[in-house]
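Below is a short report on how the helices of one protein pack. Start with the sequence and the model, then read on.

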Amino acid sequence: MHRIQAHITLAIIFVIGITILYLPIMAKLKRKGKSIIRQCGYLGLFCSLFLIIFATILFVPITLHPEQYILNFIPFNWIFEEEDVINHFIVEVVPNIMMFIPLGIFIPVILKNKRNILKTLVMVLAVTFSVEFVQYFIGRSSDINDIITNLLGGVIGYGIFIVANNLFKNKNWWKQLLEN
């Protein structure tokens, strides 16, 4: 549970910090005609990617010469190997899903040509595969379960985008958010 609280605290700190750092850029792009709402979409996508990289790669010590390389191709093997399956689900699976929900929302918001589920999931898959690939070489494990749960998070995020798009498609602020 402590690990989840640490991730949430770091996420809040980084979102606030990145937002403050992004304000001058936002003002400059506003002068160039980009709406503040659209800028918030860019900020959301940037924060999503930054938090994924931070939580999965930078949050733990990195070693370029690990003692062992861990690669798991067996889906859901933790169900049979873990003594406390519920705790593993809460500490490992749920955060992996939650971490990719914003990416599944902001990819179709910002990238008009990625506004179908297949194109969005290809982008989410590219991000999660890249993370797992890097993790293998820096002393972390690479796990098919992470790819599956990250993709599930992307699907949930895309579903939230679709629901929001149907609810708000006639609202001016939503049209500004989706503009290109």
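## The α4/α5 pair

In this predicted model, α4 and α5 cross with right-handed geometry. Their axes come within 10 Å and cross at roughly 135 degrees. That angle falls short of the 145 above which a pair counts as roughly antiparallel, so α4 is oblique to α5. From α4, the contact is made by F100, L103, G104, I107 and P108. From α5, the partners are T120, M123, V124, V127 and T128.

## The α4/α6 pair

Helix α4 also packs against α6, at an angle of about 45 degrees. Here the axes lie 6 Å apart. The two helices are therefore oblique to each other. This crossing, too, is right-handed. On the α4 side, the contact is made by V93, N96, I97, M99, F100, I101, G104, I105, P108 and V109. On the α6 side, it involves D146, T149, N150, L152, G153, G154, I156, G157, Y158, I160 and F161.

F100, G104 and P108 of α4 belong to this contact. F100, G104 and P108 are also listed in the contact with α5.

## Helix α6

Helix α6 covers residues 144-168, 25 residues in total. At 1.5 Å a residue it should span 36 Å, and its end C-alpha atoms are 36 Å apart, so expectation and model agree. D143 caps the N-terminal end of α6. A side-chain oxygen of D143 lies 2.8 Å from the backbone nitrogen of N145.

The buried residues of α6 are N145, D146, I147, T149, N150, G153, G154, G157, Y158, F161 and A164. These buried positions pack against four helices and two strands: α3 (78-81), α4 (85-110), α5 (117-137) and α7 (172-178), plus β1 (70-72) and β2 (141-143).

## Two buried positions in α2

Helix α2 spans residues 36-58 and contains T56. T56 has 9% relative accessibility, so it counts as buried. Leaving aside residues up to four places away in sequence, T56 touches M99, V131, Q135 and R140. M99 is also one of the α4 residues in the contact with α6.

Q39 lies in α2 as well. With a relative accessible area of 0%, Q39 is buried. Beyond residues up to four places away in sequence, its contacts are Y22, M26, L29 and K34.

## I12 in α1

I12 sits in helix α1, residues 2-31. Its relative accessibility is 49%, so I12 counts as partly exposed; exposed would require over 50%. I12 and I90 are 78 residues apart in sequence. In space, the C-alpha atoms of I12 and I90 are 20 Å apart.

## Overall layout

The protein has seven helices and two strands. Along the sequence they follow the pattern α-α-β-α-α-α-β-α-α. The C-alpha trace spans about 55 × 30 × 25 Å along its principal axes.

Of the 180 residues, 33% are buried. Among contacts between residues at least 6 apart in sequence, 74% join residues at least 24 apart.

Conventions
Residues are numbered from 1 along each chain as its sequence is written. This is a predicted model: local features need pLDDT of at least 70, side-chain atom pairs count only at pLDDT 80 or more; totals for chains, interfaces and linings use all residues. Side-chain values use heavy atoms; hydrogens and water are left out. The expected span of a helix is 1.5 Å times one less than its number of residues. Buried means under 20% relative accessible area, exposed over 50%, partly exposed in between (1.4 Å probe, protein chains only). Contact means heavy atoms within 4.5 Å. A polar contact is a pair of N or O atoms within 3.5 Å; within protein, one must be able to donate a hydrogen and the other to accept it, and residues adjacent in sequence count only if both atoms are side-chain atoms. Axes are lines fitted to C-alpha atoms, for helices over the stretch in contact, and angles run from 0 to 180 degrees between N-to-C directions. Angles under 35 degrees count as roughly parallel, over 145 as roughly antiparallel, 65 to 115 as roughly perpendicular and the rest as oblique. A crossing is left-handed if the near helix is turned anticlockwise from the far one by less than a right angle, and right-handed if clockwise.
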